[in-house]
Amino acid sequence: MSDWRATFVANQETFVGGAHALAWREDALAAFEDAGMPRPKAHAWKHTPLKALKTAFNAAPVAYSGTTPRIEGAVNIVLVGGVVDPSQSDALPEGVTVTSLQANLSMGAPALPTDAPATLNAPFDTLNKAFVNGGTVVTVAKNSTIEAPIVLVHVGGATGHAVHVQNHIRLERSAKATIVELWAMDGLANALTTTDTADNAELHHIVLQNNGPEALFLADHRHVLGRNARVFGTSVALGSLLARVGVHTRLNGEGAECDLSGVYLGHGSQHHDHTLRMEHKAPNCTSNQRFRGILGGKSRGVFSSLLVVTETGVKADGTQDNRNVLLSETARANSEPMLEIYTDDVKAAHGSAIGKLDDEALFYMRARGIDASTARRMLTGGIAREIIADIADEAIRTHAETLVEAWLLESVA
Amino acid sequence: MSQVQDLPIDQDYKYGFETDVEQDIMPPGLDEDVIRNISAKKGEPEWLTEYRLAAYAAWLEMTEPHWAHLKYTPIDYKAISYFAVPKRVVLDSLDDLDPEIKATFDKLGIPLDEQKMLAGVAVDAVFDSVSVATTFRAKLLEQGVIFMSISEAVHEYPEMVKKYLGSVIPVRDNFFAALNAAVFTDGTFVYIPPGTRCPMELSTYFRINARGTGQFERTLIIADKGSYVSYLEGCTAPMRDENQLHAACVELVALEDAVIKYSTVQNWYPGNKDGVGGIYNFVTKRGKCLGNRSKISWTQVETGSAVTWKYPSCLLIGDDSVGEFYSVAVTNNHQQADTGTKMIHLGKNTKSTIVSKGISAGKSTQSYRGLVQINPKATGARNHTQCDSLLIGDLCGAHTFPTVDVRNNDSQVEHEATTSSIGEDQLFYCRQRGLSEEDAVALIVNGFCKDVFRELPMEFAIEATKLLAVTLEGAVG
């Protein structure tokens with residue numbers, strides 16, 4: 001623990017916000033030290049080993065010289081090590097403002113939306129707050145429909161270094177937008193994303209995680225939805241040695257709807273963890289979760305999701321669906337779709353399945369002259385495409401497909 | 001002097017009477033001396049005393065688990081009397097049984113009388129801490145089937161008890177199992193010899209009677225190669241405003257090709273409508289499918305207890321072994337249940353089926369908690385889990401916490417679950433055909449539970465259906 005403090009002291013000169021920000025950063029670090037690293041059997045982390053996070057990571061900025069991925073047909077905002085680089089970023093369409101979080105930090109700790117749910121990645125949220133050095137505040141004005149997707153391209157970082165960023169997304173009343181997070185970083189990326197979708201607004205939030213093979217990724221997503229608000233979240237997880245995505249969603253307004261889907265593809269010793277909590281707090285809300293795992297090598301996939309319907313969440317309709325395909329004998333999948341329901345006027349269902357590729361389907365394809373590895377790639381690709389097809393924007397969908405195709409060529413033989 | 005008292009009984013719980021029999025009760029409290037005392041009173045061999053003391057030492061180091069979705073007033077383990085025995089207990093024949101106890105069991109409808117051949121069920125009755133009567137023993141022994149109280153088995157078949165006691169549930173397994181191993185007073189021992197199909201249903205009836213006691217029984221069933229046994233378990237307790245602890249252990253061992261079918265109708269006193277009193281039912285049940293092609297099937301109907309904490313499990317060690325779990329749990333008023341199962345697949349081509357139906361009404365909460373683990377060597381393993389919850393009333397809760405852990409790619413695991421209330425269209429349909437609302441609910445609930453009830457032996461299935469109706473009385477309308 002003292003490691004993190006030592007890093008804090010050594011790097012505090014470089015912290016954004018200067019002396020004004022030191023007080024709340026100190027508080028956050030103290031909170032982290034109080035909580036300590038989770039014990040090996042801590043419930044929230046029982047399937048996710050945290051050995052790689054035991055040592056402190058250097059928080060000083062590192063130079064970046066790689067090629068920045070871009071998505072054609074989208075508005076790319078490039079963040080190098082969490083810091084917005086205007087020279088690489090595109091012009092914004094009308095109705096959207098993107099400000100660099102740095103500008104705000106000297107005025108106080110970044111504000112979370114009112115009613116934002118708690119973190120599922122504790123205690124690393126406190127670490128994020130203590131070291132936060134970048135990110136964005138994205139606001140979509142009321143009644144604006146933004147056609148072009150806004151892509152936050154995160155690059156930079158280096159092994160042994162950590163980048164702590166926060167992206168705060170707010171859609172005002174009846175706004176509509178697609179916000180994408182494209183991750184291509186190295187080292188530890190500890191990211192907090194909050195979304196605040198006001199009444200009748202519609203947010204498509206897509207996370208394409210293609211970090212380096214040795215990267216560690218901690219994503220802390222917190223969504224809050226107003227009346228008749230809609231959030232469609234899709235997570236495509238390909239990169240990182242260890243990736244934990246904690247998504248806590250609160251359906252706060254009557255008639256809100258949230259669909260979360262994801263696909264995680266693992267090879268080597270990768271570890272993909274999606275931990276979710278969906279809270280139905282208002283009446284007549286709908287939520288759907290659809291997650292698919294494709295796991296080869298010695299990789300491990302974790303899906304742990306809790307659907308909570310509180311006493312006030314009457315007429316809730318919730319589903320959870322998780323399917324995993326294990327491509328090798330040594331791959332491992334954990335699936336925990338959980339329901340916690342405190343009222344009787346609900347419809348909730350969940351399902352999970354873990355198995356291997358269908359032998360009959362493989363045989364069928366072989367019989368038609370398709371070689372074994374192509375057949376396997378087609379079948380696994382089909383599973384991934386079930387999820388990718390949920391992405392409404394064509395440019396983003398195509399980019400996600402390209403990433404998955406490349407992964408399949410490399411990993412499925 | 002003593003008599004079975006016809007206390008004014010709450011209609012909801014007809015087994016709530018208390019029997020006034022002379023008891024030999026140890027003062028409350030637990031230490032090494034109490035354990036030595038229990039052991040001495042039962043004339044146990046040295047190894048068993050040591051076993052108990054080791055368990056007690058382990059228990060002292062352990063802490064009570066609180067991960068379950070349950071809220072209850074803390075248990076004062078020092079206030080419990082760990083030994084209560086009806087005084088006239090040494091029996092040569094059933095005629096010697098204390099008439100009060102016999103009357104109690106008659107009242108409960110337990111066929112203790114061997115004359116009642118029609119019943120066709122061999123019964124071991126456990127009253128507070130000791131087994132008071134075992135019927136049909138001689139007849140069973142003709143076929144080599146051993147059916148007796150575990151205290152007798154310790155003396156008559158010490159080697160067998162020593163070999164298997166604690167082999168499925170080790171002393172350090174969990175807090176309540178350790179406590180049970182330290183203080184268990186009686187229970188049932190069953191051994192089915194190779195190639196034998198047990199000619200009748202075996203049954204144990206548990207009754208907590210004395211005030212301020214806990215019940216800690218231990219059941220050990222061993223089915224040798226190629227044998228079959230069906231075993232039933234029933235439980236009741238008087239109505240009291242105190243919470244009594246029931247911490248039992250059940251160990252099953254199935255050798256090659258053996259089949260054990262274990263059915264429970266649990267009807268401990270659930271407490272009154274305001275949640276006062278009732279039994280804390282903290283039970284560890286586990287079966288080991290040790291031999292190839294062996295099978296263990298758990299069927300349970302849980303209607304009683306204030307708080308239930310129970311996860312009958314199967315360790316599927318032998319190749320091609322099969323584990324099954326069929327459960328109906330009903331909670332009403334302030335009852336709480338956290339129940340489910342664990343299927344640990346270790347052998348090749350092992351299969352397991354889980355069907356769990358939970359019904360919550362009133363202000364009760366209920367959780368299904370399950371683990372399906374497919375280990376690397378368990379290739380070709382298969383599991384299907386179906387768990388459904390039905391909610392009646394807007395103040396109850398139903399939760400589902402399944403865990404699936406698959407560590408090889410040659411297995412197939414599926415889990416499905418639903419949670420819903422009784423559909424208004426279903427109710428309307430029944431009402432339209434002239435059924436009262438209560439009858440309609442009973443009909444729908446019985447249909448919901450059918451998958452499990454058909455796994456029960458017939459007599460039990462009828463009892464279970466009735467119990468369900470009683471438990472849910474007043475839950476609608």
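# Exercises on a predicted two-chain model

The lining of the largest pocket draws on strands of both chains: at least two residues each come from β14 (271-280), β16 (300-309) and β18 (332-341) of chain A, and from β13 (278-289), β16 (313-316), β18 (336-345), β20 (365-374) and β22 (397-406) of chain B. The model is predicted.

**Exercise 1.** State the volume of the largest pocket, name the residues closest to its centre, and sort its lining by class.

*Solution.* Step 1: the volume is about 1600 Å³. Step 2: the lining comprises 44 residues, and those closest to the centre are A:His43, A:Lys46, B:Trp67, B:Arg369 and B:Thr403. Step 3: by class, 19 lining residues are nonpolar, 13 are polar and 12 are charged.

**Exercise 2.** Find which strands pair with β19 of chain A, and in which sense.

*Solution.* Step 1: locate the strand. β19 of chain A covers residues 346-355, and eight of its 10 residues are buried. Step 2: look within chain A. Strand β17 (residues 316-326) runs parallel to β19(A), with 10 bridges between them. A:Thr319 is placed opposite A:Ala349 of β19(A). Step 3: look across to chain B. Strand β23 (residues 412-421) of chain B is antiparallel to β19(A), and eight bridges join the two. Here A:Ala353 has B:Glu414 of β23(B) as its bridge partner.

**Exercise 3.** Describe the contact between chain A and chain B by its residues and its buried area.

*Solution.* Step 1: count the residues. Chain A contributes 32 residues and chain B contributes 31 residues. Step 2: take the area. About 2500 Å² is buried between the chains, and carbon and sulfur atoms give 46% of this. Step 3: single out residues on the chain A side. A:Asp344, A:His350 and A:Ile354 lose the most area to chain B, and together they make up 22% of what that side buries.

**Exercise 4.** Decide whether A:Ala28 is buried or exposed, and list its contacts beyond its neighbours within four places in sequence.

*Solution.* Step 1: A:Ala28 sits in helix α2 (residues 18-35) of chain A. Step 2: its relative accessible area is 5%, so A:Ala28 is buried; the cut-off for this class is under 20%. Step 3: with those sequence neighbours left aside, A:Ala28 is in contact with A:Thr126, A:Lys129 and A:Ala130. Step 4: for A:Ala28 and A:Ala130, the separation is 102 residues in sequence, but 5.1 Å from C-alpha to C-alpha.

**Exercise 5.** Give an outline of chain B by its helices and strands, its buried share and its contacts.

*Solution.* Step 1: chain B has 10 helices and 23 strands. Step 2: of its 477 residues, 62% count as buried. Step 3: take the contacts in chain B between residues at least 6 apart in sequence; 82% of them join residues at least 24 apart.

**Exercise 6.** Classify two lysines of chain B, B:Lys357 and B:Lys162, as buried, partly exposed or exposed.

*Solution.* Step 1: B:Lys357 belongs to strand β19 (residues 351-361) of chain B. Its relative accessibility is 6%, so B:Lys357 counts as buried. Apart from its neighbours within four places in sequence, B:Lys357 has contacts that include B:Ser327, B:Asp388, B:Phe448 and B:Asp451. Step 2: B:Lys162 is part of helix α6 (residues 158-164) of chain B. Its relative accessibility is 45%, so B:Lys162 counts as partly exposed. The C-alpha atom of B:Lys162 is 8.4 Å from that of B:Trp47, and the two residues are 115 residues apart along the chain.

Key: Residues numbered from 1 in each chain as written. Chains lettered and ligands numbered in written order. Predicted model: local features only at pLDDT ≥ 70, side-chain atom pairs only at ≥ 80, totals over all residues. Heavy atoms only, no water. 1 Å grid on protein atoms, 1.4 Å probe; cavity = no way out; pocket = protein on both sides within 12 Å on 5 of 7 lines; lining within 4 Å. Points joined across faces, edges and corners; volume = space filled by probe spheres on them. Helix = DSSP H or I, 4+ residues; strand = E, 2+ residues; numbered from the N terminus. Nonpolar A, V, L, I, M, F, W, Y, C, P; charged D, E, K, R; others polar. Buried < 20%, exposed > 50% of the residue type's maximum accessible area, 1.4 Å probe, protein only. Pairing = 2+ DSSP bridges. Contact = heavy atoms within 4.5 Å. Buried area = accessible area lost by both parts, 1.4 Å probe.
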